[in-house]
Structure formats: C-alpha cells, structure tokens
Amino acid sequence: MTCKDCGKAMDHLQHKESMDSLGVPLCERHTRLIKKVILDNNTPIDAIHLFYALKEAGVHPMLEWWDGKKSVDIAISRVKLNIEIDKNYSMITHEQAINDLEDAMHSFKNGFTTIRIPHLAIKYYLDETVENILGIISGLKANIKAI
Ligand SMILES: [Zn+2]
C-alpha cells in the first residue's frame with residue numbers, strides 16, 4: 001500500500017485511517033495536509049477525490065488555488081481551467097447563483113474558463129467525469145494553439 005500523493009509505503013492502519021476519513025489512501029503527512037486544506041477552505045470531499053483522479057490521469061491539478069480574489073476548488077493552470085464543485089443545487093440561494101455567474105465572468109475576462117461540476121457526478125461517475133475534463137483540456141489546448 002502506497003500513498004496516492006507521494007508514493008510512500010504505509011501500513012494497514014494508516015491505509016484504513018485515510019480511507020475512512022478521506023476515501024483516498026494517503027500517508028500520515030498527506031492525510032494531515034489534505035485535512036488542513038478541507039478545514040481552511042471548506043473543500044468538498046468530492047473535490048479531493050476528483051483531484052487525485054485527475055492526478056492519476058496525468059493532469060497536473062492544483063487544489064484550492066488562490067486566483068487573487070477567491071480560492072478555486074481545482075485549477076489546471078496550463079490551460080487556465082478552473083473547476084468548481086457544486087455542493088447542493090437545492091441549497092443554493094439566488095444571491096449565490098448570481099455571484100457564481102459574476103465570478104465566472106471575471107475569471108473569463110482573465111482568460112480562465114470556469115466549469116462547475118455537480119458533486120453527484122464525481123460521486124457516481126468519477127471515471128466519466130475525468131474523461132470529460134480530459135476532453136475539455138484537449139479542447140482548450142487546441143484553442144490556445146489556434147490563437
Ligand atoms: Zn504521502
């Protein structure tokens with residue numbers, strides 16, 4: 001058993017502890033680091049799962065990336081892609097809805113594309129979600145080349 005972040009070997013206990021708390025096999029250090037990120041940013045657990053799935057797919061994602069105004073759940077800087085995880089559509093207020101759209105507009109003006117992914121897609125269709133993001137990344141790469 002190895003840590004999904006650094007590849008360091010770990011024992012059964014650590015494996016169980018990280019799987020129980022985060023759902024990702026991580027060494028003691030990385031379990032602590034990720035828990036701190038969650039505490040500091042209120043990061044949804046689905047963002048952690050997507051982050052490591054993207055890493056595994058060969059993408060270089062950044063978790064809770066500060067864009068100068070706000071923290072983005074996951075950013076892929078090479079293609080200027082911001083990924084926000086939508087927690088619960090039914091819980092969203094109308095102020096939040098228009099704020100989200102304004103944030104997306106500001107990011108877009110700075111050359112960033114923002115996509116919002118419902119947490120349920122990550123929870124139930126992680127592989128398909130990663131596939132679609134890979135498709136978006138290659139589309140963005142093609143656009144960058146075209147300019
Ligand atoms: Zn580690």
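Visitor: How many residues of domain 1 are in contact with residues of domain 2?

Guide: Happy to walk you through that one. Please keep in mind that this is a predicted model. The size of an interface is often given as the accessible area lost when the parts come together. Here we can count contacts instead: eight residues of domain 1 are in contact with eight residues of domain 2.

Visitor: Which element gives the most to the side of domain 1 that touches domain 2?

Guide: Look at helix H2, residues 28-41, which contributes four residues to that side. By character, the residues on this side of domain 1 are five nonpolar, two polar and one charged.

Visitor: Where should I place the two domains along the chain, and how far apart do their C-alpha centres lie?

Guide: Domain 1 covers 1-41 and domain 2 covers 43-146. Their C-alpha centres are 23 Å apart.

Visitor: Now the interior. Which residues touch the most other members of the largest nonpolar core?

Guide: That core has 20 residues, and the ones touching the most other members are Ala47, Ile48, Leu50, Phe51, Ile74 and Ala75. Helix H3 (45-56), strand E2 (71-76) and strand E3 (81-86) each provide at least two core residues, and H3 has the largest share, with six. Both domains take part: at least three residues of this core come from each of domain 1 and domain 2.

Visitor: Could we zoom in on Ala47? What is Ala47 in contact with, leaving aside its neighbours within four places in sequence?

Guide: With those neighbours set aside, the contacts of Ala47 are Asp73, Ile74 and Ile85.

How values were computed. Residues numbered from 1 in each chain as written. Predicted model: local features only at pLDDT ≥ 70, side-chain atom pairs only at ≥ 80, totals over all residues. Domains from an automatic or database assignment. Contact = placed C-beta atoms within 7 Å. Nonpolar A, V, L, I, M, F, W, Y, C, P; charged D, E, K, R; others polar. Core = buried A, V, L, I, M, F, W, Y, C linked by C-beta atoms within 7 Å. Buried ≥ 20, exposed ≤ 12 C-beta atoms within 10 Å, placed from the backbone.
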